[in-house]
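Open the structure in your viewer and keep the selection panel at hand. The stops below say what to pick next and what is found there.

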Amino acid sequence: AEYMGDNPEKRTLYVGGLADEVDEEKLRGAFIPFGDLVSVNLPRDMANQKHRGFGFVEFEEIGDAKAAIENMNDSELFGRVLKVNLSKPMKDVNSKAVWHHDDYLVSRHGEEDEGENKNENKNEENGHANKKQKIGT
């Protein structure tokens, strides 16, 4: 948490729900009012060169990125409702969780394993479904 200011993830937004006609230029135009942008990235499908309906916008300032999220999430661009939030790399999230929520993760992990077994058993032996459901609740 001490390094929040240096962390590019806090300034990089995931923008989902993009219409086909949106390109880097139009995406930049939609977000530049909130502050200076470092980069705009639209990952493209190799086969047809169309973007995949989402992109990433990196701001220079964290405050500008926050303002963009507050103003642009659930707003419309070319008739499509946008989903705008902080871009989160999975690796970062998991390492943080292990650190801060050790017990929580262990208990969650236990529940998930039980849940998987419960589903498998339910398919094999329907007679015990009621008993098994009680375990889950």
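Select Thr12 first: Thr12 counts as buried because its relative accessibility is 15%, and buried means under 20%. The residue is found in strand β1. Leaving out residues up to four places away in sequence, Thr12 touches Phe56, Val57, Glu58, Asn85, Leu86 and Ser87. Keep in mind throughout that this is a predicted model.

**The whole chain**

Zoom out and colour by secondary structure. The protein has 5 helices and 6 strands. Read from the N terminus, the order of the elements is β-α-β-β-α-β-β-β-α-α-α. Of its 137 residues, 25% count as buried. The accessible surface of the protein is about 9,700 Å², and carbon and sulfur atoms account for 50% of that. Now consider contacts between residues at least 6 apart in sequence: 60% of them join residues at least 24 apart.

**Confidence**

Colour by pLDDT next. The average for the protein is 75, and 58% of the residues score at least 70. Select residues 1-5, where the pLDDT is below 50; this stretch has 4 contacts in the model beyond near neighbours in sequence. Then select residues 92-105. Here too pLDDT stays under 50, and the model has 7 contacts beyond four places in sequence for this stretch.

**Strands β1, β2 and β3**

Show β1 (residues 12-16) together with β3 (residues 54-59). The two strands run antiparallel and are joined by 5 bridges. Within this pairing, Leu13 stands opposite Val57 in β3.

Add β2 (residues 37-41) to the selection. β2 is also antiparallel to β3, with 4 bridges between them. Which residue of β3 is the bridge partner of Val40? Pick Val57 to see that partner. Val57 of β3 therefore appears in two places on this stop, opposite Leu13 and as the bridge partner of Val40. While the strands are on screen, look at the side chains: in a regular strand they alternate between the two faces of the sheet.

**The aromatic rings**

Show the side chains of the aromatic residues. The structure holds 3 aromatic pairs. One of them is formed by Tyr14 and Phe56, which meet edge-to-face, 6.0 Å centre to centre and with 65° between the planes. This pair links distant parts of the chain, since Tyr14 is in strand β1 and Phe56 is in strand β3, 42 residues apart.

Is Tyr14 buried or exposed? Neither word fits: Tyr14 is partly exposed because its relative accessible area is 28%. Phe56 also counts as partly exposed, at 23% relative accessibility.

Now add Phe54. The ring centres of Phe54 and Phe56 are 5.9 Å apart and their planes stand at 85°, so this pair is edge-to-face. At 21% relative accessibility, Phe54 counts as partly exposed. Select Tyr14, Phe54 and Phe56 together to see the cluster into which ring pairs link them.

**The nonpolar core**

Nonpolar side chains tend to be buried together in soluble globular proteins. The next selection shows such a group. The largest nonpolar core has 19 residues, and those with the most contacts inside it are Val15, Leu18, Leu27, Phe31 and Phe59. The elements that contribute two or more residues to this core are β1, α1 (24-31), β2, β3 and α2 (62-72).

Centre the view on Val15. What is Val15 in contact with, leaving aside its neighbours within four places in sequence? The residues to select are Leu27, Phe31, Gly53, Phe54, Gly55, Val57, Leu82, Lys83 and Val84. Leu27 and Phe31 in that list are also among the core residues with the most contacts.

**Two positive phi angles**

The last two stops are in loops. Most residues other than glycine have a negative phi. Select Gln49, in the loop between β2 and β3. Gln49 is not a glycine, yet its phi is positive, about 65°. The residue is partly exposed, with a relative accessible area of 47%.

Finish at Asp74, placed in the loop between α2 and β4 (76-77). The phi of Asp74 is near 70°, again a positive value in a residue other than glycine. Asp74 counts as partly exposed, at 47% relative accessibility.

Conventions:
Residues numbered from 1 in each chain as written. Predicted model: local features only at pLDDT ≥ 70, side-chain atom pairs only at ≥ 80, totals over all residues. Heavy atoms only, no water. Buried < 20%, exposed > 50% of the residue type's maximum accessible area, 1.4 Å probe, protein only. Contact = heavy atoms within 4.5 Å. Areas by Shrake-Rupley, 256 points an atom, 1.4 Å probe, with all protein chains shown as cover. pLDDT = per-residue confidence, 0-100. Pairing = 2+ DSSP bridges. Phe/Tyr/Trp six-rings, centres within 6.5 Å; stacked < 30°, edge-to-face > 60°. Core = buried A, V, L, I, M, F, W, Y, C linked by side-chain atoms within 4.5 Å.
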